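Student: Could you take me through one part of this protein slowly? I'd like to start at a turn and see what it connects to.

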Amino acid sequence: MVMGERGRPSALEVCRVLAVLFSLFPSVSLQCKILKCNSEFWASTSNAGPEEEFCTALRAYNSCVRRTARTCRGDLTYHSAQHGIEDLMSQHNCSKEGPTSHPRTRTPLPPAPPPVMTDSQERSDGPEVCHYERSLPRNTAPPNYTHCGFFGDPHLRTFGDDFQTCKVEGAWPLIHNKYLSVQVTNTPVVPGSFATATSKLTIIFKNFQECVDQKMYHAETDELPAAFADGSKNGGDRYGANTLRVVEKVPGQHVEIQARYIGTTIVVRQVGRYLTFAVRMPEEVVNSVEEGDNQDLYLCLHGCPANQRIDFRNFRARAAEAHSVSRTRSSTGAHGFTYQSAKTKCKERLPVEDLYFHSCVFDLLSSGDINFTMAAYYAFEDVKMLHSNSKRYHIFEKDAEMNGAEQKGRNLLSVFLVNLLAVLLWTVCL
């Protein structure tokens, strides 16, 4: 599939996206000291004006963003602002050198009414390029779809079907490629504990050809919207806008985002006080890396860093040992569950003792929050809906051990080949 160059957004569209980004992240805005210059730029460019004046405002805004680099580097909103400024500089042929004095603020005009769409426009699904499978060359093999899930305390199932339990407190990127970015923020479940869970989720769909405008979806605890951040439910005003849609399945609990132009489906849920994330995505889209991006930190692709992983087999062994010691004392764990009572509760929803079952037990023992039982249950339900291989729905401990052994084997082979190459080069040089 030939994806082509990304379409250029209009100045107004990019400004609106930047304004929404920073209004949704007030804590980041305060840290980065960027809210003031963002609002000034938005106010001064809300109404059309001379190109020279717009470029002056854009240079002033660029200067302000660059001054926040130290406190904002690594944050999704900061990088979105950078990309937006670069797009606008190119679109309006603005030079990076020139005056940066703030233009006088104009009173914005009232927003124009939305364009009236005819019935035929509403029914249109857009051109073939906006349908991933339709746009593939004929007689080619069907695309290979992959799945990533992130839920609970938190537990991660990567695109490669590795299953990990992680600490990852704070903001972490799950996915980043040419077409979308996904970032989660995890907060402690119990003060002083290593247990964390997802309290915020941000997804940015980048503008693409005649299909969709750039859109952002942002959810957090007790706020699972049924629309994108700008209030729309589809991909904007382009011909293929309906190939990106937000569909509310259960108000406040379950949202599905369908991005047919890249063959992707995303499921976001709130279970108890925390969010879960699941995605089905073609392998080609997963691997559509932006130039110069080594993808090392993206959890869905490579898993959690080694220093952020928790070996819950050891945790479970300690819990089982503590249970056997305390049976005669009729005592419970620190959060109200014994190992056996946690297993019994998880068995109600997850009868197969796979890693989803064991993650449920882990979460009950580490947090005591019974809602994590349903988080593991829904995570597995999402696997059944999104995973392309029914034989891989369940992951068992032996599978995880095998994947770990395979990874170690690949690492050893790499070391061996590098050493062999060094010996050969040394021999040739002699």
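Student: In the hairpin of strand 10 and strand 11, which residue takes a positive phi, and how many residues are between the strands?

Tutor: It's Gly 272: its phi is positive, near 65 degrees, and the hairpin has 2 residues between the strands. Before we go on, bear in mind that this is a predicted model, in which local features need pLDDT of at least 70 and side-chain atom pairs count only at pLDDT 80 or more, while totals for chains, interfaces and linings use all residues. Residues are numbered from 1 along each chain as its sequence is written, and side-chain values use heavy atoms, leaving out hydrogens and water.

Now for the strands around that turn. Strands (E, at least two residues) and helices (H or I, at least four) are DSSP runs numbered from the N terminus. Strand 10 covers residues 264-271 and runs antiparallel to strand 11, with 7 bridges joining them; strands pair if DSSP finds at least two bridges. One place to look is Arg 269, whose bridge partner in strand 11 is Thr 276.

Strand 11 also has a partner in strand 1 (residues 145-151): this pair is antiparallel too, joined by 6 bridges. Find Cys 148 and you'll see Val 279 of strand 11 standing opposite. How enclosed is strand 11? Of its 9 residues, 274-282, 8 are buried, so the rest of the structure largely encloses it. Buried means under 20% relative accessible area, exposed over 50%, and partly exposed in between (1.4 Å probe, protein chains only).

Strand 11 also shows up in the largest nonpolar core. That core has 46 residues, and those touching the most other members are Ile 203, Phe 205, Ile 257, Tyr 261 and Phe 277. Strand 11 gives the core its largest share, 4 residues. A core here is a set of buried Ala, Val, Leu, Ile, Met, Phe, Trp, Tyr and Cys residues joined through side-chain atoms within 4.5 Å. Pick out Ile 257: beyond its neighbours within four places in sequence, its contacts (heavy atoms within 4.5 Å) include Ile 203, Phe 205, Tyr 217 and Phe 228. Its contacts also include Thr 264, Thr 265 and Ile 266, and these three numbers fall in the range of strand 10.

Let's go back to Cys 148, facing Val 279. A disulfide (sulfur atoms within 2.5 Å) joins Cys 148 to Cys 300, S to S 2.0 Å. About the S-S bond the torsion is about -75 degrees, so this disulfide is left-handed. The link spans distant parts of the chain, from strand 1 to Cys 300 in helix 9 (residues 299-302), 152 residues apart. Both of these cysteines are buried.

Follow the chain on from helix 9 and you'll meet another link: Cys 304 forms a disulfide with Cys 166, the sulfur atoms again 2.0 Å apart. Here the value about the S-S bond is 95 degrees, and the link is right-handed. Cys 166 is in strand 3 (residues 163-166) and Cys 304 in the loop between helix 9 and strand 12 (309-310), 138 residues apart. Cys 166 counts as buried at 0% relative accessibility, and Cys 304 does at 1%. In total, the structure holds 5 disulfides.

Cys 148 has one more thing to show you, a contact with Arg 157. Arg 157 sits in strand 2 (residues 155-157) and counts as buried at 0% relative accessibility. His 147, Gly 149, Tyr 356, Arg 392 and Tyr 393 are also among its contacts outside its close neighbours in sequence. Arg 157, Asp 161 and Arg 392 are linked in a network of salt bridges; a salt bridge is a side-chain nitrogen of Lys or Arg within 4 Å of a carboxyl oxygen of Asp or Glu.

The whole structure has 9 salt bridges. Another one joins the side chains of Asp 213 and Arg 238, at 2.6 Å from N to O. Asp 213 is in the loop between strand 6 (196-205) and strand 7 (215-220), and Arg 238 in the loop between strand 7 and strand 8 (244-250), so the pair ties together parts 25 residues apart in sequence. Asp 213 and Arg 238 are buried as well. Compare Lys 347 and Glu 353, whose closest N and O atoms are 2.8 Å apart: Lys 347 is partly exposed at 35%, and Glu 353 is partly exposed at 37%.
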